[in-house]
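Visitor: I am new to this structure and should like to be guided through it. May we begin as soon as it is shown?

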Amino acid sequence: MEESVPAGIHIGNIRLTNLAMEDALDAIDAALAARVRTKIAFVNADCVNICARNPSYARDLEGMDWVFIDGIGMKIAGRMLNQPVRDNVNGTDLFPRLCAEMAARQRRLFLLGASPGVAARAAEWARHHHPGLVIAGAEHGFHPESETPALLDRIRASQADVLLVAMGAPLQESWLARHGDECGTPVCIGVGGLFDYYSGDIPRAPLWMRRTGLEWVFRLLQEPARLWRRYVIGNAVFLLRILRDKFSASPSRNPK
């Protein structure tokens, strides 16, 4: 779908689709209407750090049709690199709006990933808030590789229009790179920890913190032992990486 993707930007050598949230939803709707096979990822500051040390993840992202820009760190990086980011198109905010649009057209959604029971609870949230939405399936993400063929059979049989894969980066992108084309699903999206929020397992930050780019602070305060390395050290490493790119940039590296 390269010809239909607007001119993007590059942060950390990752090709990013620089859309506003409304445009992203319109693009997904158009892909569904045309039944065009489309794979989508989201990239935040932590993903840029992972990509720098994981060549396989970088290749998997390159194979995605659209890579949306997620988080305040990416917006800061875009400003530093003179590549303004149009919007924070994160999966957690996109999900309810996507469900609403799919419900209006009675489209079918399959949720794959997270711990046992989490996808089913997130599916129940979607069904409750968007009654026209058809839940085609909901399964956890801890299937051994030997069970993948049967899992793919179930996804194809579900006739889902959208498949959400919540395994975290880089596992979900690797899964989509290997199996996305076998699912028979027009749109496949890697959504990270999205199911944990909509299942009720993890509360989201207050709206004012989300709007001011402080959601990461809220998450850090919730789980400091698990997340301090990602947010405290990781954010510093990310900003240093962006500064390096800024001062080593040449005209040949500027996006067209």
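Visitor: Against which helices do the buried residues of helix 11 pack?
Guide: In this predicted model, helix 11 covers residues 215-222, and its buried residues are E215, F218, R219 and L220. The buried residues of this helix pack against helix 9 (194-198), helix 10 (207-211) and helix 12 (224-248).

Visitor: Which helix gives the largest share of the largest nonpolar core?
Guide: That core holds 40 residues, and those touching the most other members are I28, F68, L109, V162, I189 and F195. The largest share, seven residues, comes from helix 1 (residues 21-34).

Visitor: How many residues does the second, separate core have?
Guide: Among the members of this second core are I9, V43, V48 and Y57. In soluble globular proteins, nonpolar side chains tend to be buried together. The second core has 36 residues.

Visitor: What radius of gyration does the protein have, and why does it agree with a compact globule?
Guide: The C-alpha trace spans about 50 × 40 × 35 Å along its principal axes. For 256 residues, a compact globule would have a radius of gyration near 18 Å, so the protein agrees with this, its own value being 18 Å.

Visitor: How far apart do the centres of the positive and negative side chains lie?
Guide: The protein carries 30 positive and 28 negative side chains. The centres of these two sets are separated by 5 Å.

Notes. Residues are numbered from 1 along each chain as its sequence is written. This is a predicted model: local features need pLDDT of at least 70, side-chain atom pairs count only at pLDDT 80 or more; totals for chains, interfaces and linings use all residues. Side-chain values use heavy atoms; hydrogens and water are left out. Buried means under 20% relative accessible area, exposed over 50%, partly exposed in between (1.4 Å probe, protein chains only). Helices (H or I, at least four residues) and strands (E, at least two) are DSSP runs, numbered from the N terminus. Contact means heavy atoms within 4.5 Å. A nonpolar core is a set of buried Ala, Val, Leu, Ile, Met, Phe, Trp, Tyr and Cys residues joined through side-chain atoms within 4.5 Å. The radius of gyration is taken over C-alpha atoms; the globule rule is 2.2 Å times the number of residues to the power 0.38. Lys and Arg count as positive and Asp and Glu as negative; His and the chain ends are not counted. The place of a charge is taken as NZ of Lys, CZ of Arg, CG of Asp or CD of Glu.
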